[in-house]
Amino acid sequence: MHLFFRSSIIAMLLLAVPTIVCNSQEVSSIYTCVSNSNPVTVYEIGPEGIETICFANIYRKGVQRITISTKENIRSFSILPESAGIKGQATGNTLSFSVRGQKKLHIQVNNLPCLELSVDKPEKTARKAAEADYHYAPGEHFAGTLQLKDGQSVRIEEGAVVHADIRGGGDNITISGRGILHGTLQLQDCDNLRVKDVTICNDVKSWTNSLFCCTNSSYSNVKVFSCGAIYSQDGINPVACKGFTIENCLIRTVDDCIAIKSFVADKHGDMGTRDITVRHCVMVGWRYADGITMGFELNGGEVKNILVQDCDILKADGGGRTGGHSAFSIVCDGAADVHHITYDNIRISSDISPKNMELIVTDGTLYGIDKPGQIHDIIIKNVKWSNPANPFIIKGYGDHIIRNVLFKKCSVAGKPLKSKKSVLFKIENAEGITFR
């Protein structure tokens with residue numbers, strides 16, 4: 001795909017999604033929450049039933065003693081991720097537990113919709129309202145579409161709910177605040193983009209955060225929720241980005257939580273994606289979702305130097321064009337050369353189906369028409385899978401062989417992953433698969 005396609009492709013993607021008209025953010029009828037005797041607002045979005053997303057944010061200093069109440073007696077509950085070390089106690093219709101420091105929690109009570117709970121300290125220094133080009137105080141705001149350009153900022157204060165889409169691009173753009181954006185972001189050609197602290201809710205058929213050709217940019221402490229559509233509601237999508245960090249985020253989405261792609265060229269004609277870091281994130285892929293994927297659309301250039309580190313993947317589920325989803329995957333459906341990818345210290349729950357992991361080179365025709373690509377030099381270390389029944393897929397295509405995949409200090413259901421015989425591996429057109 002060449003440079004002259006770039007503008008038309010991005011324009012097509014942006015025009016494909018109409019400006020949203022959102023319903024008001026609803027206060028949850030399922031949960032109430034109190035933290036150190038202070039009431040906490042619990043919101044909910046989405047259709048009725050188990051897919052409804054309930055969420056709350058607590059921004060207070062010190063240890064928080066949290067009590068969650070429901071309309072029915074609590075028969076069972078879980079507070080994930082296990083790495084958070086949170087133990088709860090249920091009495092009647094209340095669940096109580098204590099939290100110290102920053103936590104991103106996924107709470108299941110009986111068969112009720114899950115509660116996504118973020119606990120954090122107050123902001124050290126709040127920016128003055130006058131410093132933001134678009135400033136939203138506590139309350140509900142219907143802002144339509146915000147078109148951003150160089151140096152502009154959006155500030156959403158705690159207690160504000162802003163119904164808007166954010167579009168545009170440029171250098172030194174900032175989107176911040178402890179409030180809620182009910183809409184989507186689609187930005188391109190950004191250098192030094194900073195998205196921090198906001199909660200982003202998406203209930204239309206669209207990627208929630210579409211980032212095209214952005215450099216030296218970051219998402220930090222962002223909460224991303226999507227629901228309502230069957231698919232195409234990815235959480236954060238860096239496309240042909242260079243130098244991009246996603247850290248300390250809580251993401252629960254219908255489609256892939258994080259999807260790294262390369263199918264447009266930047267202003268210099270470079271379609272590559274490189275130097276991407278994802279760390280300290282909690283991911284819940286709800287219906288047709290991986291926790292984190294590279295692909296499908298990897299259509300040119302190099303995809304390299306990607307690090308996924310210290311993350312919890314709590315759910316991945318659903319069918320797909322390669323036979324279903326997994327906790328993490330690389331699906332090279334295009335001509336890209338994908339290499340030097342590292343997964344380190346990843347904790348994967350048992351609620352993963354139907355695959356634990358997938359590395360696959362396709363024939364290049366699942367999302368368009370292209371030549372097959374390459375996958376090589378992949379390091380997977382300190383990864384803990386919980387479900388031994390799911391297969392591990394490593395599958396090249398013809399002479400596009402997957403090469404040099406190292407599993408180091410990994411485990412499945414608490415047992416060391418020592419060889420291809422330890423669990424169900426399905427390997428085709430691959431070489432240099434090693435275990436240490």
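Visitor: Which residues of the largest nonpolar core touch the most other members?
Guide: This is a predicted model. Its largest nonpolar core holds 77 residues. The ones that touch the most other members are Tyr219, Phe328, Tyr343, Ile380, Trp385 and Phe407.

Visitor: Take Trp385. Which residues is Trp385 in contact with, leaving aside neighbours within four places in sequence?
Guide: Some partners are also on the list of core members with the most touches, among them Phe328, Ile380 and Phe407. Polar residues appear too, including Asn356 and Ser411. The full set is Phe328, Ile348, Asn356, Met357, Ile380, Phe392, Phe407, Cys410, Ser411, Val412, Ala413 and Leu417.

Visitor: How many residues are in the second core?
Guide: This core is separate from the largest one. Its members include Tyr31, Val42, Val109 and Leu115. The count is 24 residues.

Visitor: Now the sheets. Which strands stand at the edges of the open sheet of five strands?
Guide: The order is S3-S2-S6-S9-S8, with antiparallel pairing. An edge strand here has a single partner strand, so one side is left without a neighbour in the sheet. That applies to S3 (38-40) and S8 (89-91).

Visitor: What does the twist average from one strand to the next in that sheet?
Guide: The five strands form an open sheet. From one strand to the next, the twist averages 25°.

Visitor: Which residue in S9 stands opposite Thr91?
Guide: S8 covers residues 89-91, and S9 covers residues 94-99. The two pair in the antiparallel sense over three bridges. Opposite Thr91 stands Thr94.

Visitor: Which are the edge strands of the open sheet of six?
Guide: The order is S1-S4-S5-S11-S10-S7, and the pairing is mixed. Each edge strand pairs on one side only. They are S1 (26-27) and S7 (77-80).

Visitor: Which residue in S4 stands opposite Glu26?
Guide: S4 spans residues 43-45. Two bridges join S1 to S4, and the strands run antiparallel. The residue opposite Glu26 is Glu44.

Visitor: Is Arg155 buried or exposed?
Guide: Arg155 sits in strand S14, residues 153-156. Its side chain makes a polar contact with the side chain of Glu123 at 2.8 Å. The relative accessible area of Arg155 is 2%, and the cut-off for buried is under 20%, so Arg155 is buried.

Visitor: Which side chain does a polar contact of 3.3 Å join to that of Arg167?
Guide: Arg167 lies in strand S15, residues 160-168. With a relative accessible area of 8%, Arg167 is buried. The side chain joined to Arg167 is that of Gln186.

Visitor: What is the relative accessible area of Asn216?
Guide: Asn216 is in strand S22, residues 215-220. Not counting residues up to four places away in sequence, Asn216 touches Asp191, Asn192, Leu193, Arg194, Lys242 and Gly243. Asn216 is partly exposed, and the value is 48%.

Visitor: What separates the C-alpha atoms of Asn216 and Asp275?
Guide: Along the chain, the two residues are 59 residues apart. Their C-alpha atoms are separated by 9.3 Å.

Visitor: Where does pLDDT stay under 50?
Guide: The mean pLDDT of the chain is 92, and 93% of its residues reach 70 or more. Where pLDDT is low, the predicted coordinates should not be read in detail. The model has 14 contacts beyond four places in sequence for one such stretch, and 25 for another. These stretches are residues 1-9 and residues 14-24.

Methods:
Residues numbered from 1 in each chain as written. Predicted model: local features only at pLDDT ≥ 70, side-chain atom pairs only at ≥ 80, totals over all residues. Heavy atoms only, no water. Helix = DSSP H or I, 4+ residues; strand = E, 2+ residues; numbered from the N terminus. Buried < 20%, exposed > 50% of the residue type's maximum accessible area, 1.4 Å probe, protein only. Polar contact = N/O pair within 3.5 Å; in protein donor to acceptor, adjacent residues only side chain to side chain. pLDDT = per-residue confidence, 0-100. Contact = heavy atoms within 4.5 Å. Core = buried A, V, L, I, M, F, W, Y, C linked by side-chain atoms within 4.5 Å. Pairing = 2+ DSSP bridges. Axes fitted to C-alpha atoms, helices over the stretch in contact; angles between N-to-C directions.
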